[in-house]
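I kept these notes while going through one chain, residue by residue. Each entry says what I looked up and what I found.

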Amino acid sequence: MKLIRFIKKWVKENFHLIFHRDHIMVVILAWVIAGFWALLFVNFSIFDPVQRALSEFKMTDIYFAIQRMGGHPDWSDDITLVDITEQYDRGEIAQTIEQVAACEPKAVMVDLIFEKEGEDLAANAALIGAFDLLPNSVLSCKLIASNTERGKFVSCIKSFFEPFGDYSWAYSNVPTNVNNGYLRDFTISQKLDTATYFSMPYLAACKYMGLKPEAEKNNKRTILYSNTEFPIVRFDSIMQNKALLKGRLVMIGTITEEADMHFTPVGKMPGVKTIAYAAQTYIGHHDISSMSNILSWILTIFICLVVAYLGMMTRRLSPRFFIYWNKVVYLVISVLFAWIGFICFVRFDYDISLLLPLLGVAFIERARIHYMWFIDWCTVHPKFKRLYQFASKSVYFKPNK
(Lines give C-alpha, C1' and ligand atoms only; values in the text may rest on other atoms or scores of the structure.)
Protein backbone atom coordinates (compact mmCIF):
# COMPACT_ATOMS: atom_id res chain seq x y z
CA MET A 1 0.00 0.00 0.00
CA LYS A 2 2.85 2.38 0.82
CA LEU A 3 4.38 1.71 -2.60
CA ILE A 4 1.07 2.44 -4.34
CA ARG A 5 0.65 5.68 -2.39
CA PHE A 6 4.21 6.67 -3.26
CA ILE A 7 3.61 6.01 -6.97
CA LYS A 8 0.35 8.01 -6.93
CA LYS A 9 2.07 10.90 -5.17
CA TRP A 10 5.01 10.84 -7.58
CA VAL A 11 2.75 10.79 -10.65
CA LYS A 12 0.66 13.67 -9.27
CA GLU A 13 3.74 15.80 -8.58
CA ASN A 14 5.58 15.05 -11.82
CA PHE A 15 2.84 14.46 -14.38
CA HIS A 16 3.01 18.00 -15.74
CA LEU A 17 6.79 17.76 -16.02
CA ILE A 18 6.57 14.60 -18.12
CA PHE A 19 4.60 16.55 -20.71
CA HIS A 20 6.95 19.54 -20.62
CA ARG A 21 7.53 21.25 -23.94
CA ASP A 22 11.20 20.24 -23.98
CA HIS A 23 10.40 16.54 -23.65
CA ILE A 24 7.83 16.78 -26.43
CA MET A 25 10.45 18.44 -28.66
CA VAL A 26 12.99 15.73 -27.81
CA VAL A 27 10.50 13.00 -28.69
CA ILE A 28 9.63 14.67 -32.00
CA LEU A 29 13.32 15.03 -32.82
CA ALA A 30 13.91 11.38 -31.90
CA TRP A 31 11.34 10.28 -34.44
CA VAL A 32 12.76 12.64 -37.06
CA ILE A 33 16.11 10.90 -36.59
CA ALA A 34 14.42 7.49 -36.66
CA GLY A 35 12.63 8.49 -39.87
CA PHE A 36 15.94 9.52 -41.44
CA TRP A 37 17.43 6.10 -40.70
CA ALA A 38 14.26 4.44 -41.96
CA LEU A 39 14.70 6.22 -45.31
CA LEU A 40 18.26 4.94 -45.50
CA PHE A 41 17.08 1.38 -44.84
CA VAL A 42 14.48 1.64 -47.61
CA ASN A 43 16.60 3.33 -50.28
CA PHE A 44 20.05 1.76 -49.83
CA SER A 45 20.56 -1.95 -50.43
CA ILE A 46 23.46 -2.06 -47.96
CA PHE A 47 20.86 -1.81 -45.17
CA ASP A 48 18.68 -4.67 -46.51
CA PRO A 49 19.75 -7.13 -43.76
CA VAL A 50 18.79 -4.58 -41.07
CA GLN A 51 15.48 -3.85 -42.78
CA ARG A 52 14.65 -7.55 -42.97
CA ALA A 53 15.60 -8.05 -39.34
CA LEU A 54 13.30 -5.22 -38.22
CA SER A 55 10.43 -6.43 -40.41
CA GLU A 56 10.76 -9.94 -38.95
CA PHE A 57 11.06 -8.77 -35.34
CA LYS A 58 8.16 -9.79 -33.10
CA MET A 59 7.97 -9.48 -29.34
CA THR A 60 6.08 -12.79 -29.32
CA ASP A 61 9.33 -14.50 -30.33
CA ILE A 62 10.87 -13.30 -27.06
CA TYR A 63 7.78 -14.41 -25.12
CA PHE A 64 8.02 -17.93 -26.55
CA ALA A 65 11.71 -18.06 -25.64
CA ILE A 66 10.92 -16.96 -22.06
CA GLN A 67 8.23 -19.63 -21.74
CA ARG A 68 10.67 -22.29 -22.88
CA MET A 69 13.41 -21.34 -20.44
CA GLY A 70 14.23 -24.09 -17.97
CA GLY A 71 13.96 -27.05 -20.33
CA HIS A 72 10.94 -28.70 -18.63
CA PRO A 73 8.09 -28.67 -21.18
CA ASP A 74 4.49 -29.60 -20.50
CA TRP A 75 3.33 -32.65 -22.44
CA SER A 76 0.13 -32.26 -24.42
CA ASP A 77 -2.87 -34.24 -23.20
CA ASP A 78 -4.71 -33.69 -26.48
CA ILE A 79 -2.41 -34.37 -29.43
CA THR A 80 -0.07 -37.23 -30.37
CA LEU A 81 2.11 -37.33 -33.49
CA VAL A 82 2.75 -40.53 -35.46
CA ASP A 83 6.01 -40.46 -37.43
CA ILE A 84 5.99 -42.27 -40.80
CA THR A 85 9.09 -40.57 -42.25
CA GLU A 86 10.72 -43.91 -43.09
CA GLN A 87 7.65 -45.41 -44.74
CA TYR A 88 7.27 -45.13 -48.51
CA ASP A 89 5.24 -48.18 -49.51
CA ARG A 90 1.50 -47.50 -49.60
CA GLY A 91 0.71 -50.95 -48.30
CA GLU A 92 2.86 -50.35 -45.22
CA ILE A 93 1.32 -46.91 -44.69
CA ALA A 94 -2.12 -48.55 -44.89
CA GLN A 95 -1.10 -50.98 -42.12
CA THR A 96 0.09 -48.05 -39.97
CA ILE A 97 -3.24 -46.26 -40.45
CA GLU A 98 -5.12 -49.46 -39.54
CA GLN A 99 -3.07 -49.73 -36.31
CA VAL A 100 -3.83 -46.11 -35.48
CA ALA A 101 -7.54 -46.78 -35.97
CA ALA A 102 -7.28 -49.85 -33.71
CA CYS A 103 -5.98 -47.61 -30.88
CA GLU A 104 -9.35 -45.82 -30.78
CA PRO A 105 -8.29 -42.18 -31.23
CA LYS A 106 -10.93 -39.50 -30.99
CA ALA A 107 -9.90 -37.88 -34.28
CA VAL A 108 -7.15 -38.45 -36.85
CA MET A 109 -5.45 -36.01 -39.20
CA VAL A 110 -3.25 -37.31 -42.04
CA ASP A 111 -0.73 -34.83 -43.43
CA LEU A 112 -0.14 -36.72 -46.69
CA ILE A 113 -1.45 -36.36 -50.24
CA PHE A 114 -1.49 -39.43 -52.53
CA GLU A 115 -1.99 -37.44 -55.70
CA LYS A 116 -1.62 -40.22 -58.27
CA GLU A 117 -2.95 -43.74 -58.24
CA GLY A 118 -0.03 -46.13 -57.77
CA GLU A 119 0.74 -49.18 -59.90
CA ASP A 120 0.18 -51.53 -56.95
CA LEU A 121 -3.60 -51.92 -57.07
CA ALA A 122 -3.67 -54.01 -53.89
CA ALA A 123 -1.81 -51.29 -51.98
CA ASN A 124 -4.20 -48.65 -53.34
CA ALA A 125 -7.19 -50.69 -52.18
CA ALA A 126 -5.59 -51.27 -48.77
CA LEU A 127 -4.99 -47.55 -48.41
CA ILE A 128 -8.61 -46.71 -49.20
CA GLY A 129 -9.84 -49.38 -46.78
CA ALA A 130 -7.54 -48.06 -44.03
CA PHE A 131 -8.83 -44.50 -44.39
CA ASP A 132 -12.40 -45.78 -44.12
CA LEU A 133 -11.54 -47.14 -40.65
CA LEU A 134 -10.47 -43.78 -39.23
CA PRO A 135 -12.88 -41.97 -36.89
CA ASN A 136 -13.37 -38.23 -37.48
CA SER A 137 -10.65 -38.17 -40.08
CA VAL A 138 -9.18 -35.07 -41.72
CA LEU A 139 -7.28 -35.60 -44.97
CA SER A 140 -4.86 -33.22 -46.62
CA CYS A 141 -5.41 -31.29 -49.83
CA LYS A 142 -3.66 -28.30 -51.39
CA LEU A 143 -5.33 -25.19 -52.76
CA ILE A 144 -3.59 -23.85 -55.85
CA ALA A 145 -3.71 -21.00 -58.39
CA SER A 146 -4.78 -18.22 -56.06
CA ASN A 147 -6.75 -15.57 -57.92
CA THR A 148 -5.83 -12.35 -56.13
CA GLU A 149 -8.41 -10.28 -58.01
CA ARG A 150 -11.28 -12.47 -56.83
CA GLY A 151 -9.70 -13.25 -53.47
CA LYS A 152 -10.22 -16.99 -54.00
CA PHE A 153 -8.35 -20.14 -54.89
CA VAL A 154 -9.46 -21.70 -58.16
CA SER A 155 -8.18 -25.29 -58.01
CA CYS A 156 -7.40 -28.03 -55.50
CA ILE A 157 -5.14 -31.09 -55.37
CA LYS A 158 -6.52 -34.09 -53.47
CA SER A 159 -5.61 -37.76 -53.12
CA PHE A 160 -6.58 -40.10 -55.94
CA PHE A 161 -9.31 -41.83 -53.93
CA GLU A 162 -11.37 -38.64 -53.47
CA PRO A 163 -14.28 -39.95 -55.63
CA PHE A 164 -14.52 -43.21 -53.66
CA GLY A 165 -15.79 -41.87 -50.34
CA ASP A 166 -17.14 -38.97 -48.34
CA TYR A 167 -13.93 -37.61 -46.82
CA SER A 168 -13.24 -34.42 -44.90
CA TRP A 169 -10.59 -32.46 -46.80
CA ALA A 170 -8.59 -29.60 -45.31
CA TYR A 171 -5.92 -27.51 -46.99
CA SER A 172 -2.29 -27.85 -45.93
CA ASN A 173 -1.11 -24.59 -47.55
CA VAL A 174 1.43 -22.90 -45.32
CA PRO A 175 1.11 -19.09 -45.08
CA THR A 176 4.54 -17.48 -44.92
CA ASN A 177 5.74 -13.93 -44.52
CA VAL A 178 7.87 -12.15 -47.08
CA ASN A 179 11.55 -13.03 -47.41
CA ASN A 180 10.94 -16.60 -46.27
CA GLY A 181 10.09 -15.44 -42.79
CA TYR A 182 8.99 -17.40 -39.75
CA LEU A 183 5.75 -19.34 -39.70
CA ARG A 184 3.70 -17.45 -37.11
CA ASP A 185 0.09 -17.65 -38.28
CA PHE A 186 -2.52 -19.98 -39.66
CA THR A 187 -5.85 -19.29 -41.32
CA ILE A 188 -9.25 -20.70 -40.48
CA SER A 189 -10.73 -20.98 -43.99
CA GLN A 190 -10.31 -20.08 -47.64
CA LYS A 191 -12.67 -19.88 -50.60
CA LEU A 192 -12.45 -22.28 -53.53
CA ASP A 193 -14.90 -20.80 -56.03
CA THR A 194 -18.15 -20.94 -54.05
CA ALA A 195 -17.00 -23.66 -51.61
CA THR A 196 -15.38 -23.02 -48.23
CA TYR A 197 -12.34 -25.09 -47.29
CA PHE A 198 -10.95 -25.18 -43.77
CA SER A 199 -7.32 -25.40 -42.71
CA MET A 200 -5.95 -28.66 -41.30
CA PRO A 201 -5.26 -27.40 -37.76
CA TYR A 202 -8.68 -25.77 -37.48
CA LEU A 203 -10.72 -28.67 -38.90
CA ALA A 204 -8.73 -31.23 -36.89
CA ALA A 205 -9.33 -29.25 -33.68
CA CYS A 206 -13.07 -29.00 -34.48
CA LYS A 207 -13.29 -32.77 -35.09
CA TYR A 208 -11.50 -33.41 -31.80
CA MET A 209 -13.73 -31.04 -29.81
CA GLY A 210 -16.95 -32.08 -31.55
CA LEU A 211 -17.58 -28.60 -32.98
CA LYS A 212 -19.10 -27.68 -36.30
CA PRO A 213 -16.48 -25.84 -38.40
CA GLU A 214 -17.55 -22.42 -39.56
CA ALA A 215 -15.88 -19.50 -41.33
CA GLU A 216 -14.95 -16.98 -38.66
CA LYS A 217 -14.59 -13.22 -38.80
CA ASN A 218 -11.06 -13.40 -37.42
CA ASN A 219 -9.66 -15.66 -40.13
CA LYS A 220 -5.98 -15.23 -39.27
CA ARG A 221 -4.77 -16.69 -35.98
CA THR A 222 -1.43 -16.50 -34.21
CA ILE A 223 0.23 -19.84 -33.50
CA LEU A 224 1.26 -20.16 -29.85
CA TYR A 225 4.58 -22.01 -29.68
CA SER A 226 4.23 -22.39 -25.94
CA ASN A 227 6.29 -24.60 -23.65
CA THR A 228 4.38 -27.68 -24.80
CA GLU A 229 5.69 -30.83 -26.44
CA PHE A 230 3.74 -33.55 -28.21
CA PRO A 231 4.35 -37.30 -27.77
CA ILE A 232 5.86 -38.76 -30.95
CA VAL A 233 5.17 -42.41 -31.74
CA ARG A 234 7.09 -44.19 -34.52
CA PHE A 235 5.16 -46.23 -37.06
CA ASP A 236 6.73 -49.45 -35.74
CA SER A 237 5.74 -48.93 -32.10
CA ILE A 238 2.10 -47.88 -32.34
CA MET A 239 0.52 -50.85 -30.56
CA GLN A 240 3.06 -50.60 -27.75
CA ASN A 241 1.98 -47.00 -27.16
CA LYS A 242 -1.76 -47.44 -27.50
CA ALA A 243 -2.39 -45.31 -24.39
CA LEU A 244 -0.79 -42.31 -26.14
CA LEU A 245 -3.30 -42.52 -29.01
CA LYS A 246 -6.56 -43.57 -27.37
CA GLY A 247 -9.06 -40.72 -27.05
CA ARG A 248 -6.64 -38.18 -28.54
CA LEU A 249 -6.23 -36.17 -31.70
CA VAL A 250 -3.65 -38.19 -33.66
CA MET A 251 -1.67 -36.49 -36.43
CA ILE A 252 0.08 -38.72 -38.96
CA GLY A 253 2.97 -37.22 -40.91
CA THR A 254 6.72 -36.95 -41.38
CA ILE A 255 8.86 -35.69 -38.52
CA THR A 256 12.39 -35.72 -39.94
CA GLU A 257 11.68 -35.09 -43.63
CA GLU A 258 13.86 -32.09 -44.57
CA ALA A 259 11.55 -31.00 -47.40
CA ASP A 260 8.71 -30.49 -44.93
CA MET A 261 10.63 -28.35 -42.43
CA HIS A 262 9.59 -24.78 -41.58
CA PHE A 263 11.27 -21.95 -39.74
CA THR A 264 9.40 -20.89 -36.61
CA PRO A 265 10.14 -18.44 -33.76
CA VAL A 266 11.39 -21.41 -31.68
CA GLY A 267 13.53 -23.07 -34.34
CA LYS A 268 13.23 -25.36 -37.34
CA MET A 269 10.20 -27.63 -37.11
CA PRO A 270 8.42 -30.29 -39.20
CA GLY A 271 5.17 -29.23 -40.82
CA VAL A 272 2.99 -31.67 -38.88
CA LYS A 273 4.35 -30.26 -35.62
CA THR A 274 3.51 -26.68 -36.62
CA ILE A 275 -0.01 -27.93 -37.38
CA ALA A 276 -0.09 -29.50 -33.91
CA TYR A 277 0.81 -26.17 -32.27
CA ALA A 278 -1.81 -24.37 -34.36
CA ALA A 279 -4.48 -26.93 -33.42
CA GLN A 280 -3.42 -26.79 -29.75
CA THR A 281 -3.82 -23.01 -29.90
CA TYR A 282 -7.40 -23.37 -31.04
CA ILE A 283 -8.17 -26.23 -28.63
CA GLY A 284 -6.97 -24.03 -25.76
CA HIS A 285 -9.37 -21.28 -26.95
CA HIS A 286 -6.49 -18.86 -27.44
CA ASP A 287 -7.31 -16.00 -29.79
CA ILE A 288 -4.53 -13.44 -29.65
CA SER A 289 -5.71 -9.84 -29.86
CA SER A 290 -3.15 -7.34 -31.10
CA MET A 291 -2.86 -3.70 -30.09
CA SER A 292 -4.23 -1.31 -32.71
CA ASN A 293 -1.91 1.12 -34.51
CA ILE A 294 -3.50 4.09 -32.73
CA LEU A 295 -2.97 2.60 -29.26
CA SER A 296 0.55 1.56 -30.25
CA TRP A 297 1.46 5.14 -31.17
CA ILE A 298 -0.14 6.51 -27.98
CA LEU A 299 1.89 4.02 -25.91
CA THR A 300 5.02 4.89 -27.89
CA ILE A 301 4.64 8.63 -27.28
CA PHE A 302 3.95 8.12 -23.56
CA ILE A 303 6.96 5.83 -23.06
CA CYS A 304 9.22 8.20 -24.98
CA LEU A 305 8.05 11.16 -22.88
CA VAL A 306 8.70 9.24 -19.67
CA VAL A 307 12.16 8.26 -20.87
CA ALA A 308 12.91 11.85 -21.91
CA TYR A 309 11.86 13.08 -18.45
CA LEU A 310 13.88 10.44 -16.59
CA GLY A 311 16.91 11.19 -18.75
CA MET A 312 16.68 14.86 -17.74
CA MET A 313 16.42 13.90 -14.06
CA THR A 314 19.52 11.71 -14.20
CA ARG A 315 21.46 14.64 -15.66
CA ARG A 316 20.34 16.83 -12.77
CA LEU A 317 20.92 14.31 -10.01
CA SER A 318 24.22 12.95 -11.30
CA PRO A 319 25.92 15.42 -13.67
CA ARG A 320 29.19 13.46 -13.69
CA PHE A 321 27.85 9.95 -14.23
CA PHE A 322 24.52 10.56 -15.94
CA ILE A 323 25.69 8.78 -19.11
CA TYR A 324 25.90 5.52 -17.16
CA TRP A 325 22.75 6.10 -15.15
CA ASN A 326 20.82 6.81 -18.36
CA LYS A 327 21.77 3.42 -19.75
CA VAL A 328 20.54 1.77 -16.56
CA VAL A 329 17.27 3.75 -16.64
CA TYR A 330 16.63 2.91 -20.31
CA LEU A 331 17.37 -0.75 -19.67
CA VAL A 332 15.01 -0.87 -16.69
CA ILE A 333 12.24 0.86 -18.68
CA SER A 334 12.67 -1.55 -21.60
CA VAL A 335 12.68 -4.62 -19.34
CA LEU A 336 9.68 -3.34 -17.37
CA PHE A 337 7.49 -2.85 -20.43
CA ALA A 338 8.70 -6.13 -21.96
CA TRP A 339 7.65 -7.87 -18.73
CA ILE A 340 4.24 -6.15 -18.82
CA GLY A 341 3.87 -7.21 -22.46
CA PHE A 342 4.78 -10.79 -21.56
CA ILE A 343 2.18 -10.92 -18.75
CA CYS A 344 -0.52 -9.52 -21.06
CA PHE A 345 0.38 -12.07 -23.73
CA VAL A 346 0.48 -15.12 -21.45
CA ARG A 347 -2.39 -14.26 -19.10
CA PHE A 348 -4.78 -12.29 -21.31
CA ASP A 349 -3.85 -13.35 -24.90
CA TYR A 350 -3.13 -9.70 -25.75
CA ASP A 351 -0.12 -8.71 -27.82
CA ILE A 352 1.23 -5.27 -26.98
CA SER A 353 3.25 -3.87 -29.87
CA LEU A 354 6.57 -2.80 -28.32
CA LEU A 355 8.69 -2.42 -31.45
CA LEU A 356 7.92 1.29 -31.88
CA PRO A 357 8.34 2.16 -28.16
CA LEU A 358 11.70 0.37 -27.99
CA LEU A 359 12.90 2.08 -31.18
CA GLY A 360 11.84 5.43 -29.75
CA VAL A 361 13.75 4.78 -26.52
CA ALA A 362 16.85 3.91 -28.55
CA PHE A 363 16.87 7.37 -30.22
CA ILE A 364 15.86 9.53 -27.26
CA GLU A 365 19.34 10.26 -25.91
CA ARG A 366 20.73 11.11 -29.35
CA ALA A 367 17.80 13.49 -29.89
CA ARG A 368 18.37 15.08 -26.45
CA ILE A 369 22.01 15.83 -27.33
CA HIS A 370 20.96 17.67 -30.50
CA TYR A 371 18.18 19.54 -28.69
CA MET A 372 20.52 20.64 -25.88
CA TRP A 373 23.00 21.87 -28.49
CA PHE A 374 20.20 23.96 -30.04
CA ILE A 375 19.29 25.44 -26.64
CA ASP A 376 22.94 26.29 -25.95
CA TRP A 377 23.28 27.91 -29.37
CA CYS A 378 20.20 30.07 -28.72
CA THR A 379 21.59 31.01 -25.31
CA VAL A 380 24.93 32.29 -26.65
CA HIS A 381 23.18 34.29 -29.39
CA PRO A 382 20.87 36.64 -27.48
CA LYS A 383 20.57 38.84 -30.56
CA PHE A 384 18.00 36.36 -31.82
CA LYS A 385 15.47 37.47 -29.25
CA ARG A 386 12.70 35.02 -30.01
CA LEU A 387 15.05 32.07 -30.01
CA TYR A 388 16.67 33.28 -26.80
CA GLN A 389 13.25 33.70 -25.21
CA PHE A 390 12.37 30.14 -26.31
CA ALA A 391 15.62 28.80 -24.84
CA SER A 392 15.17 30.70 -21.57
CA LYS A 393 12.06 28.63 -20.79
CA SER A 394 13.82 25.34 -21.38
CA VAL A 395 14.73 22.93 -18.56
CA TYR A 396 18.16 22.75 -20.21
CA PHE A 397 18.71 26.54 -20.16
CA LYS A 398 22.00 27.71 -18.67
CA PRO A 399 22.25 31.50 -18.63
CA ASN A 400 25.56 33.06 -19.65
CA LYS A 401 27.79 34.06 -16.76
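Entry 1, Thr-80. I looked up which residues touch Thr-80, leaving aside its neighbours within four places in sequence, and found Pro-231, Val-233, Leu-244, Leu-245, Arg-248, Leu-249, Val-250 and Met-251. The model I am reading is predicted. Thr-80 is found in strand β2, residues 79–83. I checked its accessibility: Thr-80 counts as buried, at 0%. One of its neighbours deserved a second look, since the side chain of Thr-80 makes a polar contact with the side chain of Arg-248, at 3.3 Å.

Entry 2, Met-251. I then turned to Met-251 and again left aside neighbours within four places in sequence. Its contacts include Ile-79, Thr-80, Leu-81 and Val-82. I also wrote down Met-109, Val-272, Ile-275, Ala-276 and Ala-279 as contacts of Met-251.

Entry 3, Met-109. I placed Met-109 in strand β3. Is Met-109 buried or exposed? Met-109 counts as buried, at 0% relative accessibility. Not counting residues up to four places away in sequence, Met-109 touches Val-138, Met-200, Ala-204, Val-250, Met-251, Ile-252, Val-272 and Ile-275. I also noted a pair: Met-109 and Trp-169 are 60 residues apart in sequence, and their C-alpha atoms are 9.8 Å apart in space.

Entry 4, the cores. I looked up the largest nonpolar core and found that it has 71 residues. The residues with the most contacts inside this core are Ile-79, Leu-81, Met-109, Leu-249, Met-251 and Ile-364. Helix α9, residues 293–317, gives the largest share of this core, 9 residues. Another core, of 34 residues, lies apart from it, and I noted Ala-94, Ile-128, Tyr-197 and Ile-238 among its members.

Entry 5, the whole chain. I counted 12 helices and 17 strands in the chain. Of its 401 residues, 43% are buried. I also looked at contacts between residues at least 6 apart in sequence: 76% of them join residues at least 24 apart.

Entry 6, helix α6. I checked the length of α6, which has 13 residues, 121–133. At 1.5 Å a residue α6 should span 18 Å, and its end C-alpha atoms are 19 Å apart, which agrees. Which residues of α6 are buried? I found Ala-123, Asn-124, Leu-127, Ile-128, Ala-130 and Phe-131. They cover an arc of only 160 degrees around the axis, so they lie on the same side of α6. I added a general reminder: an α-helix has 3.6 residues a turn, so residues three or four places apart point the same way. On the face of α6 turned away from its buried side I found the exposed residues Leu-121, Ala-122 and Leu-133. At the start of α6, a side-chain oxygen of Asp-120 comes to within 3.2 Å of the backbone nitrogen of Ala-122.

Entry 7, positive phi. I began with the general rule that most residues other than glycine have a negative phi. Glu-104 is not a glycine, yet its phi is positive, near 60 degrees. I placed Glu-104 in the loop between α5 (90–102) and β3 (107–110). Glu-104 is partly exposed, with a relative accessible area of 44%. Asn-136 also has a positive phi, of about 50 degrees, although it is not a glycine. I placed Asn-136 in the loop between α6 and β4 (137–147). Asn-136 is partly exposed, with a relative accessible area of 37%.

Entry 8, cysteines. How many disulfides are there? The count comes to 0. I looked into Cys-156 and found its closest cysteine sulfur in Cys-141, 3.7 Å away. That is too far for a bond, because a disulfide needs the two sulfur atoms within 2.5 Å. Cys-156 counts as partly exposed, at 22% relative accessibility. Cys-103, by contrast, is buried, with a relative accessible area of 0%.

Entry 9, Glu-257. I found Glu-257 in the loop between β13 (249–253) and β14 (261–264). Glu-257 counts as partly exposed, at 30% relative accessibility. Last, I looked up Glu-257 with Gly-271: they are 14 residues apart in sequence and 9.2 Å apart in space, C-alpha to C-alpha.

Key:
Residues are numbered from 1 along each chain as its sequence is written. This is a predicted model: local features need pLDDT of at least 70, side-chain atom pairs count only at pLDDT 80 or more; totals for chains, interfaces and linings use all residues. Side-chain values use heavy atoms; hydrogens and water are left out. A nonpolar core is a set of buried Ala, Val, Leu, Ile, Met, Phe, Trp, Tyr and Cys residues joined through side-chain atoms within 4.5 Å. Buried means under 20% relative accessible area, exposed over 50%, partly exposed in between (1.4 Å probe, protein chains only). Helices (H or I, at least four residues) and strands (E, at least two) are DSSP runs, numbered from the N terminus. Contact means heavy atoms within 4.5 Å. The expected span of a helix is 1.5 Å times one less than its number of residues. The arc is that of the directions from the helix axis to the C-beta atoms. A polar contact is a pair of N or O atoms within 3.5 Å; within protein, one must be able to donate a hydrogen and the other to accept it, and residues adjacent in sequence count only if both atoms are side-chain atoms.
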